[in-house]
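Here are my notes on the model you sent round. Please read them with the structure open.

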Amino acid sequence: MTVRFSSNQVVDAGVQGMDNALADAMSWNQKVTSGKQYSSASDNAYAVSRGVRLDFDISRLDMFKANQNFVTSSHANAQTQMDSMINEMNSLKQLFVQSQSGALNKSNFAALKVQAEQIRDTIKNQMTARDATGNPIFNDDANINQVQIEPNVMVESGVSFQRAFGSEGVLAHPENASLYKNIDSFVTYLGEMATGAMPSKANTVVSDGLNASFDQLTMAEQRSGGVSSQVDNARNAMTAFGTQMAASQSALLDTDMAAATASYTRAQTLLNAAQAMFARLQQSNLFSKL
């Protein structure tokens with residue numbers, strides 16, 4: 001049995017072989033030069049499902065990072081303010097110790113009152129201070145939210161006004177907070193001593209109020225510091241997670257350079273062979289007789 005091939009079939013097969021080899025070589029060359037196995041996850045059936053998962057995880061990672069930055073900034077501002085107020089409260093406690101000296105006269109009490117008033121007014125301004133964006137550093141309980149900083153970990157978005165200064169006060173009326181009231185009671189005590197009047201509150205009551213506010217403020221600062229520590233831990237965890245995501249994405253989309261270079265070399269060799277064979281066919285008697 002004899003099989004015959006037409007000249008056109010031979011030509012078409014040669015051209016098709018060169019086209020296939022050229023396309024293959026160009027594809028591998030693109031992968032080698034770009035460093036990308038696929039331009040997007042959808043270019044590969046397996047990469048589709050994995051790529052969607054990676055995109056979702058990376059989006060969540062970006063959300064966690066944004067939340068972490070927000071919480072860090074919010075608590076850092078609050079801690080700075082509270083640290084300053086704690087120093088002011090220490091100064092008030094020192095003034096109280098001075099006021100218990102039996103050698104003080106009315107003028108001395110009047111001078112102590114002026115100092116206490118200045119500290120009271122400074123602390124009041126710090127209680128209602130705002131950050132660089134114009135938002136209150138200490139907000140009312142209703143405006144403090146739970147923020148997710150890593151999977152299944154929620155923290156308070158900031159330090160609430162009531163937690164730091166007492167449940168009686170609100171941002172709009174800081175003078176109602178127990179912190180302010182306790183300081184104002186000390187100012188009143190000094191004013192009464194300066195006039196020689198009988199104090200309306202015993203010195204022990206005044207001292208207890210200052211100590212209670214100092215302790216509450218200190219506990220609020222420590223709680224805020226604990227949140228900051230949680231955020232630092234979450235940031236480290238998410239950094240490691242981000243590294244894993246980058247590695248997964250690289251393994252999914254990036255070119256295996258050794259394999260790609262070998263494949264490109266093979267495709268280029270096949271292309272050269274196809275071109276050489278086609279050139280010989282063109283010079284054969286069969287084609288010269290067409």
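The points below go from the overall fold to the empty spaces, the aromatic rings and two single residues.

1. Status and fold. This is a predicted model. The protein chain has eight helices and four strands. Their order from the N terminus is α-α-α-β-β-β-β-α-α-α-α-α. The four strands thus follow one another in the order, with helices before and after them.

2. Burial and contacts. The protein chain has 290 residues, and 35% of them are buried. Take the contacts between residues at least 6 apart in sequence: 74% of these join residues at least 24 apart.

3. Surface. About 16400 Å² of the protein chain is exposed. Carbon and sulfur atoms supply 52% of that area.

4. Largest pocket. How much volume does the largest pocket have? The value is about 320 Å³. It is lined by 16 residues, and those closest to the centre are Phe70, Ser74, Asp131, Asn135 and Pro136. Helix H2, residues 45-99, gives the most to this lining, with four residues. By class, the lining of the largest pocket has 10 polar residues, five nonpolar and one charged.

5. Cavity. Rolling a probe the size of a water molecule over the atoms shows where empty space is left. In the whole structure, the search finds one cavity of 30 Å³ or more. The largest cavity holds about 40 Å³ of space. Its lining consists of His75, Glu156, Gly158, Val159, Arg163, Ala220, Arg223, Ser224 and Val227. Which helix supplies the largest share of that lining? Helix H6, residues 203-253, does, with four residues. The classes come out even: three nonpolar, three polar and three charged residues line the largest cavity.

6. Aromatic pairs. A pair of aromatic rings is described by the distance of the centres and the angle of the planes. The count for this model is three aromatic pairs. In one of them, Phe161 and Phe165, the ring centres are 4.9 Å apart and the planes stand at 75°. Why is this pair edge-to-face? The cut-off for that label is over 60 degrees, so the 75° between the planes of Phe161 and Phe165 meets it.

7. Setting of that pair. Phe161 and Phe165 are four residues apart in helix H4 (residues 161-165), so about one helical turn separates them. Both Phe161 and Phe165 are buried. Together with Phe138 they form one aromatic cluster.

8. Gln162. This residue also sits in helix H4. Is Gln162 buried or exposed? Its relative accessibility is 11%, and buried means under 20%, so Gln162 counts as buried. Beyond its neighbours within four places in sequence, Gln162 is in contact with Asn139, Asp140, Asp141, Ser167, Gly169, Val170 and Gln216.

9. Gly191. Where is Gly191 placed? It lies in helix H5, residues 178-195. Its relative accessible area is 14%; the limit for buried is under 20%, so Gly191 is buried. Ala111 is 80 residues from Gly191 along the chain, yet their C-alpha atoms are separated by 9.5 Å.

10. What to look at. For the empty spaces, start from helix H2 at the largest pocket and helix H6 at the largest cavity. For the rings, start from the cluster of Phe138, Phe161 and Phe165.

Key:
Residues are numbered from 1 along each chain as its sequence is written. This is a predicted model: local features need pLDDT of at least 70, side-chain atom pairs count only at pLDDT 80 or more; totals for chains, interfaces and linings use all residues. Side-chain values use heavy atoms; hydrogens and water are left out. Helices (H or I, at least four residues) and strands (E, at least two) are DSSP runs, numbered from the N terminus. Buried means under 20% relative accessible area, exposed over 50%, partly exposed in between (1.4 Å probe, protein chains only). Contact means heavy atoms within 4.5 Å. Accessible areas come from the Shrake-Rupley method with a 1.4 Å probe; for residues, only the protein chains shown count as cover. On a 1 Å grid over the protein atoms alone, a cavity is a set of points where a 1.4 Å probe fits but cannot get out, and a pocket is an open set with protein on both sides within 12 Å along at least five of seven lines; lining residues have an atom within 4 Å of a point. Grid points are joined across faces, edges and corners, and a volume is the space filled by probe spheres set on the points. Ala, Val, Leu, Ile, Met, Phe, Trp, Tyr, Cys and Pro count as nonpolar, Asp, Glu, Lys and Arg as charged, and the others, Gly among them, as polar. Rings of Phe, Tyr and Trp (its six-membered ring) pair if their centres lie within 6.5 Å; planes under 30 degrees apart count as stacked, over 60 as edge-to-face and the rest as tilted.
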